[in-house]
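Got the viewer open and a cursor ready? Let's walk through this one stop by stop, selecting as we go.

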Amino acid sequence: MAIRLTLSRTQKPLFCESKWWGDPDMPADMEYPMMKVDGEEDYPLTFVCQIRCEDIAGLDPEGLLPHDGMLYFFAAVDEYAGYDSPVHLGIGEWPKGSVVVKYTKAINMETFQSCIMVDEDEQPVTDEALEISFSECGDLEDGIKMLGQPFFEEVRDMYPDRVNLLQIDEDETADIRFYDSGNLNLLVTKTDISKGLLKRPVAYMHSL
């Protein structure tokens with residue numbers, strides 16, 4: 001069984017809630033992930049989503065994912081979201097450091113703070129935060145999902161020992177395009193997921 005993520009616009013505040021885009025709400029001592037460009041320049045990864053783990057606990061009976069705290073997903077997807085980017089990452093496996101997963105075991109609304117990205121004029125540059133709802137779906141389904149297997153058979157064949165930690169599907173995310181009907185899969189080994197080692201998955205993009 002996999003977990004489908006459905007995105008919707010909302011007027012309610014999403015501070016310390018599950019959300020897609022927007023700004024991550026993190027502990028003060030958690031560093032925002034950066035990517036090395038040409039071995040020198042640090043480039044901030046795009047915040048994709050944060051998952052309040054209690055929201056998915058009932059849909060994860062095997063306990064593969066944490067059931068408390070917050071998971072954060074970051075990836076070098078600026079190019080595919082319509083922004084300038086110093087790196088080009090195409091179809092295939094992306095290099096290490098191009099995606100990062102962070103986790104904190106407990107959520108404290110009094111000490112957490114939103115990490116707001118700004119441009120040269122100190123203006124916020126993040127997209128509108130979307131509310132996430134969760135439901136059960138099949139292991140091989142398309143769409144945005146956690147767990148299960150990648151939708152594309154070619155990706156499943158290349159990584160038979162890996163579990164889908166997050167599948168980003170452009171057809172379900174209006175603000176991003178991976179060529180023509182593409183997905184970005186963040187994959188971890190079954191051994192690592194059983195040990196809670198989720199921080200640096202393999203990222204693979206595939207498109208029709």
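Start by selecting F178, in this predicted model a buried residue because its relative accessibility is 0%, against a cut-off of under 20%. You'll find F178 in the loop between strand 13 and strand 14. Now add H206 and draw a line between the two C-alpha atoms: F178 and H206 are 28 residues apart along the chain, and their C-alpha atoms are separated by 8.0 Å.

Stay in that loop for a moment. Select Y179, which is also found between strand 13 (162-169) and strand 14 (182-189). Is Y179 buried or partly exposed? Y179 has a relative accessible area of 42%, so it counts as partly exposed. Check its backbone too: phi of Y179 is near 60°, a positive value in a residue other than glycine. Then click on S181, found in the loop between strand 13 and strand 14 as well. S181 is not a glycine either, yet its phi is positive, at about 55°.

**Strand 15 and its partners**

H206 is a handy way into strand 15, so colour residues 202-207. How many of its six residues are buried? The answer is six of six, and the strand is mostly covered. V202, Y204 and H206 point one way, A203, M205 and S207 point the other way, and all are buried. That fits a general pattern: in a regular strand the side chains alternate between the two faces of the sheet.

Now bring up the neighbours. Strand 14 runs antiparallel to strand 15, and six bridges join them. Strand 8 (residues 92-93) is also antiparallel to strand 15, joined by two bridges. Put M205 in the middle of the view: M205 is the bridge partner of L184, and M205 is the bridge partner of G92 too.

Before leaving, select G196, in the loop between helix 2 (190-194) and strand 15. G196 is partly exposed, with a relative accessible area of 48%. Add N185 and compare positions: the two are eleven residues apart in sequence and 18 Å apart in space, C-alpha to C-alpha.

**Strand 11 and what pairs with it**

Next, colour strand 11 (130-137). Strand 1 pairs with strand 11 in the antiparallel sense over seven bridges. To see one residue pair, select R4, which stands opposite S135 in strand 11. Strand 2 runs antiparallel to strand 11 as well, with two bridges joining them. Here the pair to pick is W20 and its bridge partner L130.

**Charges**

Show side chains for E128 and R9. They meet in a salt bridge, 3.0 Å from N to O. This pair links distant parts of the chain, 119 residues apart: E128 sits in the loop between strand 10 and strand 11, and R9 in the loop between strand 1 (2-8) and strand 2 (19-20). E128 counts as partly exposed at 40% relative accessibility, while R9 counts as exposed at 61%.

Move on to E122, whose place is in the loop between strand 10 (113-114) and strand 11. E122 is exposed, with a relative accessible area of 58%. Add D119, E120 and D121, and you have a patch of negative charge on the surface, E122 included.

How many salt bridges are there in the model? The count comes to eight. For another of them, select R52 and D55, whose side chains meet at 2.8 Å, N to O. D55 is partly exposed, with a relative accessible area of 25%. Add E17 to the selection to see the network of salt bridges that links E17, R52 and D55.

**Last stop: strands 4 and 5**

Finish by colouring residues 34-37 and 41-44, which are strand 4 and strand 5. The two pair in the antiparallel sense over four bridges. For a residue pair, pick M34, which stands opposite P44 in strand 5.

Which side chains of strand 4 are buried? M35 and V37 are, pointing to one face, while M34 and K36 point to the other face and are not. Keep K36 selected and add D42: the two form a salt bridge, with the closest N and O atoms 3.4 Å apart. D42 counts as partly exposed, at 42% relative accessibility.

Technical notes: Residues are numbered from 1 along each chain as its sequence is written. This is a predicted model: local features need pLDDT of at least 70, side-chain atom pairs count only at pLDDT 80 or more; totals for chains, interfaces and linings use all residues. Side-chain values use heavy atoms; hydrogens and water are left out. Buried means under 20% relative accessible area, exposed over 50%, partly exposed in between (1.4 Å probe, protein chains only). Two strands pair if DSSP finds at least two bridges between them. Patches are made of residues with over 30% relative accessible area and no salt bridge: like charges are joined within 9 Å, nonpolar side chains (Val, Leu, Ile, Met, Phe, Trp, Tyr) within 5 Å. Accessible areas come from the Shrake-Rupley method with a 1.4 Å probe; for residues, only the protein chains shown count as cover. A salt bridge is a side-chain nitrogen of Lys or Arg within 4 Å of a carboxyl oxygen of Asp or Glu. Lys and Arg count as positive and Asp and Glu as negative; His and the chain ends are not counted. The place of a charge is taken as NZ of Lys, CZ of Arg, CG of Asp or CD of Glu.
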